[in-house]
Amino acid sequence: MLFMVKPSMPEQQDRICEIQDLGRIGFTEAVRVQNDLAARRKQGLIPDQLLLAEHPHVVTLGRNARRENILAAPEVMARAGIEVVETDRGGDVTYHGPGQLVGYPIFDLREWKRDVTAYVRGIEEAIIGALSGFGLKGERVEGCTGVWVGGAKLAAIGVHISRWVTTHGFALNIDTDLSYFRYIVPCGLTKPVTSLRQLGSMASRGEMIAALRDRIERQFQLRIVEPAANKRSA
Amino acid sequence: MTDIVMPQMGESIVEGTLTKWLKKAGDKVERDEPLFEISTDKVDSEIPSPASGVLAEILVAEGTTVAINTVVGRIAEGGEAVAATPATQAGAAPPPPPAPVRAQVGPVAAPLPMAAPAPAAPPPPPEAAAPAPAAPAPTPAREDLGPLSPLVRRLAREHNVDLNLVRGTGAGGRITKQDVEAYIAARSATPAPPSPPPAAPVAPAAQQPPAPAAATAPPAGARPTAETAPPPVAPAVPPRTRVEPMSTMRQKIAEHMIFSKRTSAHVTTVHKVDMTKIAKLREKSKAAFQERYGFGLTFLPFVVRAAAEALRAYPVVNASVEGTSVIYHNDINIGIAVALDGGNGLIVPVIKNADEKNVVGLQRAIVDLANRARSKQLKPEDVQGGTFSITNFGSFGSIFATPVINQPQVAILGVGAVEKVPVVVEGDAIAIRSVAHLALTFDHRLIDGAMADQFCQKAKAVLEGWSEAVL
């Protein structure tokens with residue numbers, strides 16, 4: 001049983017992606033940060049970016065969202081402390097809140113593949129790969145973008161693309177209070193949502209980020225690095 | 001005039017939904033200025049203008065799905081005359097051939113909405129009043145409609161459309177919103193006056209579905225009632241097989257086992273352990289133990305204790321792999337495989353912090369978890385957080401086996417039956433000893449053979465040199 005194992009080191013990954021954990025940040029504020037970075041990305045001033053965030057309770061509407069998919073009356077939402085925001089991402093209605101890992105890849109797809117479907121499938125693949133490390137079997141459901149485990153949605157995806165530069169991204173429930181999803185019909189689908197905790201995984205946000213980082217690197221042939229301290233000004 | 005076309009946003013993409021015009025007809029636009037937005041599969045994309053000038057015509061309305069390369073509007077450059085045209089459905093009708101779509105779908109300026117379903121069909125022979133059998137006529141009853149979008153379902157429900165009667169023109173024969181709309185339009189329209197040939201195939205068939213198909217279509221797609229009628233009741237020959245659905249637990253186990261085999265590089269190493277000392281100790285204290293605690297004393301808690309010691313010594317065996325990272329677990333949580341109802345399932349409840357318990361505590365935990373597993377009283381947390389597993393196949397008489405790793409763990413220890421056997425002992429004498437085989441299956445991605453064997457030797461040393469006088 002003494003096999004020689006050659007350590008598999010990623011070698012020809014010359015494209016750089018800077019990772020930044022914004023931590024707890026308002027949704028609108030995060031959109032502002034993204035738009036700013038996307039604008040600089042389009043001008044070629046910065047490399048690809050991977051932003052991570054966690055939002056206070058907010059319900060967001062995609063470009064194709066139907067208002068009827070917000071089930072609660074505006075007063076009820078306000079009383080529950082849930083903000084409602086319209087966005088320019090694809091997809092319908094979704095919820096973000098504490099305990100959810102939100103990822104915003106700002107990638108210039110011209111440097112990878114000019115293919116929005118491949119991009120979305122790639123994000124799904126990275127999440128599925130990361131989940132496998134925690135013993136969970138993520139799945140795709142035909143016609144329902146996102147990552148599903150046992151018929152329930154664990155991660156939602158909604159993307160905006162302008163000149164092949166991506167904004168928005170994915171939201172993965174780690175120990176999200178799933179009861180908040182009852183205010184909406186997530187993505188217009190009447191299917192259950194789930195979280196890592198509900199699935200019995202004790203994986204932490206940090207562990208999940210590490211796993212995703214690794215998978216995203218492989219999926220998109222990137223080398224994800226911390227931004228050099230001197231380069232980042234506010 | 002410059003044509004604005006629906007761009008292809010990816011290799012497999014054959015159509016896109018125009019979600020929003022960012023300019024109105026008559027507006028000035030600069031080249032590369034965002035002009036409209038499209039949506040494909042949860043991705044919204046802003047499409048820049050191909051030229052500078054004035055948005056002269058909008059040919060595709062917001063909310064319409066069209067094939068790639070369809071002209072969605074036109075830009076008038078310089079002094080060209082501008083005649084703002086409102087969007088019409090006509091311009092939106094997708095030229096639908098699913099397969100040869102990439103060939104050329106471009107200039108379908110104003111196709112008849114109904115021209116859709118005849119991709120490459122030759123003009124029907126003059127005598128054919130009903131659909132030509134060879135042409136891809138709509139199949140009246142399809143069993144599998146393929147994936148349907150919620151929008152299509154809703155539309156069908158609202159308009160009371162039997163989707164079996166709608167011909168899908170989307171990718172892979174999928175039924176699109178336009179197909180349903182076309183069907184509704186055809187249904188409500190009075191039969192068109194003798195129209196140009198290409199329109200023929202779908203309209204009549206769609207309007208009175210059963211008749212033409214039954215009359216002329218070959219039985220391939222259609223289902224004549226006679227053939228589908230239930231067969232006569234008394235089957236003479238008894239069936240050779242019996243089909244039963246898997247239970248949920250069985251499906252989970254199946255998935256988990258295959259997943260594990262696919263994930264880890266399974267290697268099993270087997271070590272022989274002299275359990276005589278423990279057998280004697282067990283023999284001695286069995287009765288008192290039963291009396292005092294109310295349950296028997298088995299070999300298993302000793303093995304758990306030894307494994308916990310070995311895990312402390314070799315933490316990599318208590319780890320998991322995540323991509324190119326190794327996650328070391330500081331807690332030693334040992335799962336114990338429990339067979340349910342004589343082979344009808346398997347569950348692995350976990351003894352948390354097993355290294356902090358003595359043999360009594362371990363035995364109590366094992367008895368408690370096994371009882372609750374068999375009476376289905378386990379709580380979710382009882383089966384979570386395991387960092388290593390032990391399976392006691394010896395209790396069913398097995399000498400050794402090669403267990404499957406319980407993901408995301410990296411090793412599992414199998415305990416074979418404890419048997420009295422003649423053994424050559426010191427001084428070349430033969431003695432009767434109680435011997436068991438310990439089989440460690442480990443993930444060779446992370447654990448080398450030498451490490452696995454050191455782990456086993458450590459467990460063996462603890463068991464053979466058992467020193468705890470008190471249990």
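## A walk through chain A

Start by selecting Thr194(A), which sits in the loop between β10 (165-173) and α4 of chain A. Keep in mind as you go that this is a predicted model.

Is Thr194(A) buried or exposed? Thr194(A) has 21 other C-beta atoms within 10 Å, and 20 or more is the mark of a buried residue, so Thr194(A) counts as buried. Now add Ala152(A) to your selection. Ala152(A) and Thr194(A) are 42 residues apart along the chain, yet their C-alpha atoms are separated by 5.7 Å. To see what else surrounds the loop residue, show Val149(A), Lys153(A), Leu154(A), Asn173(A) and Leu199(A): together with Ala152(A), these are in contact with Thr194(A), leaving aside its neighbours within four places in sequence.

Next, zoom out to the whole of chain A. Colour by secondary structure and you can look for four helices and 11 strands. Of the 234 residues in chain A, 49% are buried. Among its contacts between residues at least 6 apart in sequence, 76% join residues at least 24 apart.

Now select two of the helices: α3 (residues 116-132) and α4 (residues 205-220) of chain A. At what angle do their axes cross? The crossing is at roughly 135°, and the axes come within 8 Å. The two helices are therefore oblique to each other. If you turn the view, you can check the handedness: α3(A) passes α4(A) in a right-handed crossing.

Show the side chains where they meet. On α3(A), pick Gly122(A), Glu125(A), Ala126(A), Ile127(A), Gly129(A) and Ala130(A). On α4(A), the contact is made by Met208(A), Ala211(A), Leu212(A), Arg215(A), Ile216(A), Gln219(A) and Phe220(A). Sorted by character, the residues of this contact are eight nonpolar, three polar and two charged.

Stay with Ile127(A) for a moment. Which residues does Ile127(A) touch, not counting those up to four places away in sequence? Select Gly138(A), Val147(A), Ala155(A), Phe170(A), Leu172(A) and Leu212(A) to see them.

This brings you to the largest nonpolar core, which has 73 residues. Ile127(A), Ala155(A), Phe170(A), Leu172(A) and Met208(A) touch the most other members. Helix α3(A) supplies the largest share of this core, nine residues. In soluble globular proteins, nonpolar side chains tend to be buried together.

For your last stop, move to chain B. A second, separate core of 52 residues includes Ile278(B), Leu300(B), Ala411(B) and Ala452(B).

Notes: Residues are numbered from 1 along each chain as its sequence is written. Chains are lettered from A and ligands numbered from 1 in the order in which they are written. This is a predicted model: local features need pLDDT of at least 70, side-chain atom pairs count only at pLDDT 80 or more; totals for chains, interfaces and linings use all residues. Axes are lines fitted to C-alpha atoms, for helices over the stretch in contact, and angles run from 0 to 180 degrees between N-to-C directions. Angles under 35 degrees count as roughly parallel, over 145 as roughly antiparallel, 65 to 115 as roughly perpendicular and the rest as oblique. A crossing is left-handed if the near helix is turned anticlockwise from the far one by less than a right angle, and right-handed if clockwise. Two residues are in contact if their C-beta atoms, placed from the backbone, lie within 7 Å. Ala, Val, Leu, Ile, Met, Phe, Trp, Tyr, Cys and Pro count as nonpolar, Asp, Glu, Lys and Arg as charged, and the others, Gly among them, as polar. A nonpolar core is a set of buried Ala, Val, Leu, Ile, Met, Phe, Trp, Tyr and Cys residues joined through C-beta atoms within 7 Å. A residue is buried if 20 or more other C-beta atoms lie within 10 Å of its own, exposed if 12 or fewer, and partly exposed in between; C-beta atoms are placed from the backbone.
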